[in-house]
Amino acid sequence: MQIQVNGEMLQVQDDITLTGLISQLELGDKRIAIELNLEIIPRSEHAETVLKEADRVEIVHAIGGG
Amino acid sequence: MSHQNDPLIIAGQSYNSRLLIGTGKYKNLEETRIAIEASGAEIVTVAVRRTNIGQNPDEPNLLDIITPDKYTILPNTAGCFNAEDAVRTCKLARELMNGHDLVKLEVLGDQKTLYPNVVDTIKAADKLVQDGFKVMVYTSDDPIVAQELESLGCVAIMPLGSMIGSGLGILNPHNINVIMEDAKVPVLVDAGVGTASEAAVAMEMGCDAVLMNSAIAGARNPVLMASAMRKAIEAGREAFLAGRMPRKRYASASSPMDGTIIG
């Protein structure tokens, strides 16, 4: 199925979880935060959150800024 | 030293340093780290961005270098041009920081000026405060807007000295003075300071602290400028506490006029 991650379309397997997506993107060891369809999904819920077609995911981290 | 018994208190937390610095525009993470150390800053701002932006996958993350156990991390909403995006960014930041809820709210008006959009700043501040955030708010130097933001529950008011990254100093000190007269929360000059003397001016005026990024990162030698800013902030604060001498129109001799060998 197709989902949108950080504004770009991405092909993922059906029923992938957020944890699965994080590992597909090789972000497993990074300090990140995730928003799914405009709702924050706490880290503790990544493993049980199953994605569906056309979901919109934002994955962010901290970078330099003033 | 007087400044050691003169903490800056923001949202109930006590800080020794009155210099807050940003982490943008440095050559690399190592320069960022050394400059922050030289500045003595305890509160350090970061931006929140998509993971595919602004970093090589192999590089360590900023928060592995500027660690939350050593610094108070202040995520900002830079790059947000409406209240909704700013609120979303703050919520992501809180998740990123494991529930830490101190944020720097900035909602910008346009790319050219990066001037605060005060209408959306007020909207976002209201939502964020109600959602439990401790909001340090970047705003224009309009005293009425500052009062409004304070009454909504912002924990610090941060008027610009001049436009972000301009290095033009404090263009309207009179407005900053009016804001400080009325404010019961800390007032920080955020944006505009270009060099050490301008940081000292802000502190001599009685500002509680100064937040800067470009003045340090944009200096030819950022680490040396970070050290200069640390001293300027401390000197300015001590001068404010000491109370400057009155200005006089004419000379007043420092040496006694009696007993000279003349006449």
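This is a short chat about a predicted model of two chains, A and B.

Me: Before we start, what do the numbering and letters follow?
Reply: Residues are numbered from 1 along each chain as its sequence is written, and chains are lettered from A and ligands numbered from 1 in the order in which they are written. The model is predicted, with local features needing pLDDT of at least 70, side-chain atom pairs counting only at pLDDT 80 or more, and totals for chains, interfaces and linings using all residues, while side-chain values use heavy atoms and leave out hydrogens and water.

Me: OK, interface. How many residues does each chain put into the contact?
Reply: Chain B puts in 30 residues and chain A 25 residues; contact means heavy atoms within 4.5 Å.

Me: And how much area is buried between them?
Reply: About 2,500 Å², with 52% of it from carbon and sulfur atoms. Buried area is the accessible area (1.4 Å probe) that two parts lose on being put together, summed over both. On the chain B side, B:Arg50, B:Thr51 and B:Glu95 supply 27% of what chain B buries against chain A, more than any other three residues.

Me: How many salt bridges between the chains?
Reply: Three, a salt bridge being a side-chain nitrogen of Lys or Arg within 4 Å of a carboxyl oxygen of Asp or Glu. A:Arg43 and B:Glu95 form a salt bridge through their side chains, at 3.9 Å from N to O.

Me: Polar contacts, how many residue pairs?
Reply: The interface has 16 residue pairs in polar contact, both residues at pLDDT 80 or more. A polar contact is a pair of N or O atoms within 3.5 Å; within protein, one must be able to donate a hydrogen and the other to accept it, and residues adjacent in sequence count only if both atoms are side-chain atoms.

Me: Which element of chain B gives the most to that side?
Reply: β4(B), with six residues. Helices (H or I, at least four residues) and strands (E, at least two) are DSSP runs, numbered from the N terminus.

Me: What classes are the residues on that side of chain B?
Reply: There are 10 nonpolar, 12 polar and eight charged. Ala, Val, Leu, Ile, Met, Phe, Trp, Tyr, Cys and Pro count as nonpolar, Asp, Glu, Lys and Arg as charged, and the others, Gly among them, as polar.

Me: Switching to pockets. What is the volume of the largest one?
Reply: About 600 Å³. On a 1 Å grid over the protein atoms alone, a pocket is an open set of points with protein on both sides within 12 Å along at least five of seven lines, whereas a cavity is a set where a 1.4 Å probe fits but cannot get out; lining residues have an atom within 4 Å of a point. Grid points are joined across faces, edges and corners, and a volume is the space filled by probe spheres set on the points.

Me: Which residues lie nearest the pocket's centre?
Reply: A:Gly66, B:Lys25, B:Ile164, B:Asn213 and B:Ser214, out of 36 lining residues. By class the lining has 16 nonpolar, 15 polar and five charged residues.

Me: Any count for cavities: how many of 30 Å³ or more?
Reply: One. The largest cavity has a volume of about 50 Å³, and its lining includes A:Glu35, A:Arg56 and B:Arg88. β5(A) gives the most to that lining, with three residues.

Me: Last one. Where is B:Leu29, and what does it touch?
Reply: B:Leu29 is in helix α1 (residues 29-39) of chain B. Neighbours within four places in sequence aside, B:Leu29 contacts B:Pro60, B:Leu62 and B:Ile65.
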